[in-house]
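Please follow the account below with the sequence and the coordinates side by side. It begins with one helix and then moves outward to the rest of the chain.

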Amino acid sequence: MDLNELDSHGAAVLPQLLTPEQCADVIALWDRETAFRKEVVMARHGYGSGRYRYFAYPLPEPVARLREALYPALAQVANRWADMLGSPDIYPGRHADFLKRCALAGQEKPTPLLLRYQAGDW
């Protein structure tokens, strides 16, 4: 992960994160309504015509694996940013510990989501 890009733009490209086959498998999940707990239609909020769907538990394997694998590096970035901003928030190094903290605060629903936009949309 390019930390300079992340710091400069708030996002970073992670090439080859999934194989083409894995991408196709994740895309195919869109049509499995039971894989999701909620859908948001962006047009209702004035943000184009895209949609996104929050995954339900149990998360599909590639989503669960990526979330677990990416969390430690992202927690380090979040902690560095919090420090630079003077925030007392500290994110634990392990994703499981973060989920426990979320549950204690009442957040027990999964937040990974899948976006669907059309060409030329926002």
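In this predicted model, a convenient place to start is the end of helix 3, which is followed by G86, a residue whose phi is positive, near 75°. Going back from there, helix 3 covers residues 61-85, and its 25 residues reach 35 Å from the first C-alpha to the last, which is close to the 36 Å expected at 1.5 Å a residue. Helix 3 nevertheless carries a kink of about 40° at Y71, shortly before the proline P72.

Y71 also belongs to the buried residues of helix 3, which are P62, V63, L66, Y71, A75, V77, N79 and A82. The elements against which these buried residues pack are helix 1 (3-9), helix 2 (20-28), strand 2 (51-55) and helix 4 (95-104).

A salt bridge is found within helix 3 as well, where the side chains of R65 and E61 meet at 2.9 Å, N to O. Because R65 and E61 are 4 residues apart in helix 3, about one helical turn separates them. The general geometry is that an α-helix has 3.6 residues a turn, so residues three or four places apart point the same way. R65 counts as partly exposed, with a relative accessibility of 35%.

Strand 2, one of the packing partners of helix 3, leads on to the sheet. Three strands form this open sheet, in the order 1-2-3, and their pairing is antiparallel. Strand 1 and strand 3 (113-116) stand at the edges with a single partner strand each, so one side of each is left without a neighbour in the sheet. From one strand to the next the twist averages 20°. Strand 2 and strand 3 pair in the antiparallel sense over 4 bridges, and the bridge partner of R53 in strand 3 is L114.

R53 also takes part in a network of salt bridges that links E39, R51 and R53. How far apart are the closest N and O atoms of E39 and R51? The separation is 2.6 Å in the salt bridge that E39 forms with R51. E39 lies in strand 1 (residues 36-41) and R51 in strand 2, so this pair ties together parts that are 12 residues apart in sequence. In the salt bridge between E39 and R53, the closest N and O atoms are 2.4 Å apart. Here too E39 lies in strand 1 and the arginine R53 in strand 2, so the pair ties together parts that are 14 residues apart in sequence.

Are the members of this network buried or exposed? E39, at 28% relative accessibility, counts as partly exposed, and R51, at 35%, counts as partly exposed too, whereas R53 is buried, with a relative accessible area of 12%. A search of the whole structure finds 5 salt bridges, among them those of E39 with R51 and with R53, and that of R65 with E61.

Finally, the chain can be viewed as a whole. The protein chain has 4 helices and 3 strands, which follow the pattern α-α-β-β-α-α-β when read along the sequence. Its C-alpha atoms fill a box of roughly 40 × 35 × 30 Å, taken along the principal axes. Of the 122 residues in the protein chain, 26% are buried. Among the contacts in the protein chain with a separation of 6 or more, 51% are accounted for by residues 24 or more positions apart.

Note on methods: Residues numbered from 1 in each chain as written. Predicted model: local features only at pLDDT ≥ 70, side-chain atom pairs only at ≥ 80, totals over all residues. Heavy atoms only, no water. Helix = DSSP H or I, 4+ residues; strand = E, 2+ residues; numbered from the N terminus. Expected span 1.5 Å × (residues − 1). Bend = angle between axes of the 7 residues up to and from the residue. Buried < 20%, exposed > 50% of the residue type's maximum accessible area, 1.4 Å probe, protein only. Contact = heavy atoms within 4.5 Å. Salt bridge = Lys/Arg side-chain N within 4 Å of Asp/Glu carboxyl O. Pairing = 2+ DSSP bridges. Axes fitted to C-alpha atoms, helices over the stretch in contact; angles between N-to-C directions.
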